[in-house]
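Me: Please walk me through one part of this model in detail: the second largest pocket. I'd like to know what lines it, and then how it sits among the other spaces.

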Amino acid sequence: MIVASEVAFWIVILLGLLVRYVFKKPKLGMLLLALTPVIDLILLVTTSVDLYRGATATLAHALAAVYIGVSIAFGKSMISWADERFQYYVAKQGHKPLKRYGMDYAVHYLKSWGLHVISFLIGAGFLAGLIYFVGDPSRTEALSGVLKLWTLILGIDLLIAISHFIWPKKEKA
């Protein structure tokens, strides 16, 4: 279900961009882009129902929570990123996407880390909620393991963000 949700997420985005720029229907394109949270809701309900019916949590259940957190926190920026590139490379409109270097890149990366924190708080909240909801540590080991791993990854991402201020990204010659 997670893979299907991820595929559906990108299909809806691609369809929204195609309708918006190729078929010149901006309102319909925006409506399609606005459907992405519905995909997240379906994934959340499906995961919760599966666990409620007695399933032992798997990596797939844990990744559903991660996916939802990332999708909510990064969704708007992912759509903007795709929109900018589609507009320039496919529709041949607008400006070439900006490449960032130096302090501009460092600040942008740090802001992205802030979104990572938001996605972590959302996803970790879902993981903790599912762990509490199931109430059986033997059935939720996968959820706890992903929560610990994600915490470590969040810390590593912070170190990477800080490193960009110490050793700024240079433009390739």
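Reply: The lining of the second largest pocket is a mix of seven nonpolar, four polar and four charged residues. In that count, Ala, Val, Leu, Ile, Met, Phe, Trp, Tyr, Cys and Pro are nonpolar, Asp, Glu, Lys and Arg are charged, and the others, Gly among them, are polar. Bear in mind that this is a predicted model, where local features need pLDDT of at least 70 and side-chain atom pairs count only at pLDDT 80 or more, while totals for chains, interfaces and linings use all residues. Residues are numbered from 1 along each chain as its sequence is written, and side-chain values use heavy atoms, with hydrogens and water left out.

Altogether 15 residues line this pocket, and Leu33, Thr36, Gly75, Lys76 and Ile79 lie nearest its centre. Helices H1 (2–22), H2 (26–34), H3 (36–52) and H4 each supply at least two lining residues, with H4 giving the most, seven. Helices here are DSSP runs (H or I, at least four residues; strands are E, at least two), numbered from the N terminus. The pocket's volume is about 260 Å³.

How do you find such spaces? Rolling a probe the size of a water molecule over the atoms shows where empty space is left. The search uses a 1 Å grid over the protein atoms alone: a pocket is an open set of points with protein on both sides within 12 Å along at least five of seven lines, a cavity is a set where a 1.4 Å probe fits but cannot get out, and lining residues have an atom within 4 Å of a point. Points are joined across faces, edges and corners, and a volume is the space filled by probe spheres set on them.

Now for the neighbours. The largest pocket comes to about 730 Å³. It has 22 lining residues, with Ser77, Trp81, Arg85, Arg100 and His108 nearest the centre. Helix H4 (59–90) and helix H5 (102–134) each put at least two residues into that lining, and H5 gives the most, eight. By type, that lining splits into eight nonpolar, five polar and nine charged.

There is also one cavity of 30 Å³ or more, and about 40 Å³ of space lies in the largest cavity. H3, H4 and H5 are the elements that give two or more residues to its lining. The lining residues are Leu44, Thr47, His61, Ala64, Ala65, Ile68, Phe126 and Leu130. H4 gives the most here, with four, and the tally is six nonpolar, two polar and no charged.

Back in helix H3, look at Val38. Val38 is partly exposed, with a relative accessible area of 41%; that label covers values between buried (under 20%) and exposed (over 50%), using a 1.4 Å probe and protein chains only. Ser5 is 33 residues away from Val38 along the chain, yet their C-alpha atoms are separated by 10.0 Å.

As for the overall frame, the chain has six helices and zero strands. Its C-alpha trace spans about 55 × 45 × 20 Å along the principal axes. Of its 173 residues, 34% count as buried. Among contacts (heavy atoms within 4.5 Å) between residues at least 6 apart in sequence, 72% join residues at least 24 apart.
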